[in-house]
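Colleague: Could you walk me through one part of this model in detail? I'd like the contacts spelled out.

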Amino acid sequence: MKTMISGIKPSGQLHLGSYIGAIREFVKYQQDYHILIFIANLHCITLPIEQEELRENLRDCIAFYLACGLDPEQATLFLQSDVKAHAQLGWILNCFTYTGELNRMTQYKDKVKDKNNLITGGLYTYPTLMAADILLYDADYVPVGEDQKQHVELTRDIAQRMNNRFGELFKVPDPLIPKVGARIMSLSNPEKKMSKSEHDLKGTIYLKDDPASIRKKIMSAKTDTLGAVHYDPENQPGISNLLTIYAALADKSLKETEEQFSGMQYGEFKKQVADCVVSTLEPIQKRYDAIIHSSYLHDVLQHGAQKVNQRALDKLNRVQSAVGLALE
Ligand code: AMP
Ligand code: TRP
């Protein structure tokens with residue numbers, strides 16, 4: 001069975017982009033792959049965050065993983081910092097990654113551009129920790145949204161470089177990007193991706209939003225004056241984003257979805273998209289409410305870390321030895 005690994009960093013509230021681009025994909029794959037899903041809490045402190053907020057986000061993240069349908073019997077769910085080898089391998093990989101490569105990472109460049117961010121060493125070396133997350137487990141595939149593709153490509157480069165020098169140490173992973181929904185955009189500003197870190201309340205549908213706010217946000221989503229429901233991200237980014245959301249949630253192709261709504265008024269189209277989002281999120285929210293305060297969350301994470309710890313440690317020891325860090 002092939003191995004997959006992915007994670008979400010709990011830096012803010014989960015939203016429809018995290019669900020469509022990531023969590024929903026994880027759930028789809030869990031039966032047919034050996035899938036490891038973790039909460040990237042170490043990545044989360046690369047930008048300032050209050051400890052209370054972080055703690056709350058961790059709890060939310062695991063509760064939503066479960067509420068969205070990840071089954072701890074099939075998928076291994078754990079907290080990144082519980083498996084110490086991640087940070088340790090991250091350090092070693094740092095020493096085999098060039099600053100020129102890190103300087104090219106668009107996520108880093110975007111965060112640097114935002115003058116509100118204080119830039120830490122952690123933010124700069126974020127991609128090497130991500131490479132460690134992946135390479136520790138010899139993952140074949142990494143299911144992620146479009147924005148993370150560059151990081152997976154860097155991971156491949158680091159793996160190949162080290163394999164060339166030290167012999168076959170790592171499997172070279174492939175990113176797995178959803179065909180529909182790899183980049184869900186903000187409803188109020190459809191040129192920008194829906195994101196946890198922007199405080200874009202009108203443009204972001206949080207998984208916790210109640211049906212009335214979801215409907216309100218979708219009904220007031222920015223569109224255009226062309227008056228035709230077409231998939232044309234260039235000229236009709238708002239409408240195209242709503243089509244993408246619907247297609248992803250209804251498991252349909254974009255073409256089918258476009259045909260379904262062709263000729264419809266924007267108001268009616270938005271209403272149907274809103275119905276679809278509400279009916280997807282309502283059952284998830286019910287399950288979330290039932291488990292958010294239970295000790296089950298803790299048990300799931302502990303069990304997950306126990307399952308992967310030894311495997312991660314074996315890999316770390318192999319790398320340490322290959323690099324020359326250990327006595328023969
Ligand atoms: P993050 O929330 O940044 O930790 O991202 C978690 C996962 O969700 C990654 O695989 C991202 O690529 C994916 N993701 C985040 N935002 C979006 C979005 N707006 N559309 C699609 N996928 C996304
Ligand atoms: N960087 C990813 C994000 O922002 C989260 C992440 C951390 C991740 N480590 C990973 C995703 C390893 C896949 C594999 O979404």
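Which residues make up domain 1 and domain 2 of the protein chain? And then, please, a close look at what surrounds ligand 1, with ligand 2 alongside it.

Modeller: Sure. This is a predicted model, with local features needing pLDDT of at least 70 and side-chain atom pairs pLDDT 80 or more, while totals for chains, interfaces and linings use all residues. Residues count from 1 along each chain as written, chains are lettered from A and ligands numbered from 1 in written order, and side-chain values use heavy atoms, without hydrogens or water.

Domain 1 takes in 3-177 + 295-323, and domain 2 is 211-290 (bounds from an automatic or database assignment). Their centres, taken over C-alpha atoms, sit 30 Å apart. Ten residues of domain 1 and nine residues of domain 2 form the contact (heavy atoms within 4.5 Å). About 930 Å² is buried between the two, with carbon and sulfur atoms giving 71% of it (area lost by both parts together, 1.4 Å probe). On the domain 1 side, L16, R24 and A67 lose the most area to domain 2, together 48% of what that side buries.

Now ligand 1. It has 16 residues around it, and G145, D147, I184, M194 and K196 come nearest (a heavy atom within 4 Å). By class, six are nonpolar, six polar and four charged. Helix α1 (residues 16-29) provides the largest share of this shell, three residues. As for polar contacts (N or O pairs within 3.5 Å), the K196 side chain puts a polar atom 2.7 Å from an oxygen atom of ligand 1. The backbone works on the nitrogen side: an N or O atom of M194 is 2.8 Å from a ligand 1 nitrogen, and a polar backbone atom of G17 is 3.3 Å from a nitrogen atom of ligand 1. On its own, ligand 1 has 480 Å² of accessible area, and the protein covers 95% of that (Shrake-Rupley, 1.4 Å probe).

Ligand 2 has 13 residues around it, with K9, Y126, M130, D133 and Q148 nearest. Here seven are nonpolar, four polar and two charged. A polar side-chain atom of K9 is 3.0 Å from a ligand 2 oxygen. Side-chain N or O atoms also face nitrogen atoms of ligand 2, at 2.7 Å for Y126 and 3.0 Å for Q148. Alone, ligand 2 exposes 360 Å², and the protein buries 93% of that. Two elements, β1 (3-8) and α8 (126-135), each give two or more residues to its shell, and α8 has the largest share with four residues.

Terms used: A polar contact is a pair of N or O atoms within 3.5 Å; within protein, one must be able to donate a hydrogen and the other to accept it, and residues adjacent in sequence count only if both atoms are side-chain atoms. Ala, Val, Leu, Ile, Met, Phe, Trp, Tyr, Cys and Pro count as nonpolar, Asp, Glu, Lys and Arg as charged, and the others, Gly among them, as polar.
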